[in-house]
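Welcome! Here is a short briefing to read alongside the sequence and the 3D view. Take a look at the structure first, and then follow the topics below.

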Amino acid sequence: MKNQKYTVHDLSTHLFWDVDINEVDLENHAAFILERVMRYGQLSDWILMKKIYGLAKIKTIALEVRELDDFSISFLSIILNVKKEDFRCYKQKQFQPS
């Protein structure tokens, strides 16, 4: 983690509607948090994620996420400079009929 001064409470509260936010840890639950931000977060949440984790860690996690919408995949593809086909969730969508 790049900066210890941030906490999960700095993120939008709607991201954690189904969990106790006091139980969520930025380091131990990085994949969970990043997935929520990628799927439901606001721009301010995304900017904070870049500050906390850095693009390298975000890229590692984003490529392995099981489910993202097409907009998020496109956005991340551009920001992280990777092909859509490199995302696990994109590959899974190709095998599932609509």
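Helices in this briefing are DSSP runs of at least four residues, numbered from the N terminus. With that in hand, Ser 12 can be placed in the segment before H1. Please keep in mind that this is a predicted model. The protein chain has 98 residues, and its secondary structure comes to four helices and zero strands.

**The chain as a whole**

- Reading along the sequence gives the pattern α-α-α-α.
- Of the 98 residues in the protein chain, 37% are buried.
- Take the contacts between residues at least 6 apart in sequence: 48% of them join residues at least 24 apart.
- The chain exposes about 6,300 Å², and carbon and sulfur atoms supply 50% of that area.

**Ser 12, in the segment before H1**

- Is Ser 12 buried or exposed? Ser 12 has a relative accessible area of 13%, so it counts as buried, the cut-off being under 20%.
- Leaving aside residues up to four places away in sequence, Ser 12 touches Gln 42 and Asp 45.
- Asp 45 is itself one of the buried residues of H2.
- Ser 12 and Ser 44 are 32 residues apart along the chain, and their C-alpha atoms are separated by 8.5 Å.

**Helix H2 and its kink**

- Helix H2 covers residues 43-62 and spans only 16 Å between its end C-alpha atoms.
- For comparison, a straight helix of 20 residues would span 28 Å, at 1.5 Å a residue.
- Where is the kink in H2 centred? Look at Gly 54, where you will find a kink of about 95 degrees.
- Gly 54 also appears among the buried residues of H2, together with others including Trp 46, Leu 48, Met 49, Ile 52 and Tyr 53.
- The buried set of H2 also includes Ile 58, Ile 61 and Ala 62.
- Among the elements that cover these buried residues are helix H1 (30-40) and helix H3 (70-80).

**Helix H1 and its cover**

- The buried residues of H1 are Ala 30, Ile 33, Leu 34, Arg 36, Val 37 and Met 38.
- H2 and H3 are included in what covers them.
- Arg 36 has 10% relative accessibility, so it counts as buried. You will meet Arg 36 again in the next group.

**Salt bridges**

- Side chains of opposite charge can pair when their charged atoms come close.
- How many salt bridges does a search of the whole structure find? The search finds five, and three of interest are described here, beginning with Asp 18 and Arg 36.
- The side chains of Asp 18 and Arg 36 form a salt bridge with an N to O distance of 2.9 Å. This pair links distant parts of the chain, with Asp 18 in the segment before H1 and Arg 36 in helix H1, 18 residues apart.
- While Arg 36 is buried, Asp 18 is partly exposed, at 45% relative accessibility.
- Arg 39 forms a salt bridge with Glu 35, and the closest N and O atoms of the pair are 3.7 Å apart. Arg 39 and Glu 35 are four residues apart in helix H1, so about one helical turn separates them.
- Arg 39 is partly exposed, with a relative accessible area of 28%, and Glu 35 is partly exposed as well, with 25%.
- Arg 39 also forms a salt bridge with Glu 67, where the closest N and O atoms are 3.3 Å apart. Here too the pair links distant parts of the chain: Arg 39 lies in helix H1 and Glu 67 in the loop between H2 and H3, 28 residues apart.
- Glu 67 counts as partly exposed, at 46% relative accessibility.
- Through shared partners, salt bridges join Glu 35, Arg 39 and Glu 67 into one network.

**A nonpolar patch on the surface**

- Leu 55, Phe 71, Phe 75, Ile 78 and Ile 79 make a nonpolar surface patch of about 510 Å².
- Which helix gives the largest share of the patch? H3 does, with four residues.
- Phe 75 is found in helix H3. This residue is partly exposed, with a relative accessible area of 31%, and patches are made of residues with over 30%.

Note on methods. Residues numbered from 1 in each chain as written. Predicted model: local features only at pLDDT ≥ 70, side-chain atom pairs only at ≥ 80, totals over all residues. Heavy atoms only, no water. Helix = DSSP H or I, 4+ residues; strand = E, 2+ residues; numbered from the N terminus. Expected span 1.5 Å × (residues − 1). Bend = angle between axes of the 7 residues up to and from the residue. Buried < 20%, exposed > 50% of the residue type's maximum accessible area, 1.4 Å probe, protein only. Contact = heavy atoms within 4.5 Å. Salt bridge = Lys/Arg side-chain N within 4 Å of Asp/Glu carboxyl O. Patch = residues over 30% accessible without salt bridge, like charges linked within 9 Å, V, L, I, M, F, W, Y side chains within 5 Å. Areas by Shrake-Rupley, 256 points an atom, 1.4 Å probe, with all protein chains shown as cover.
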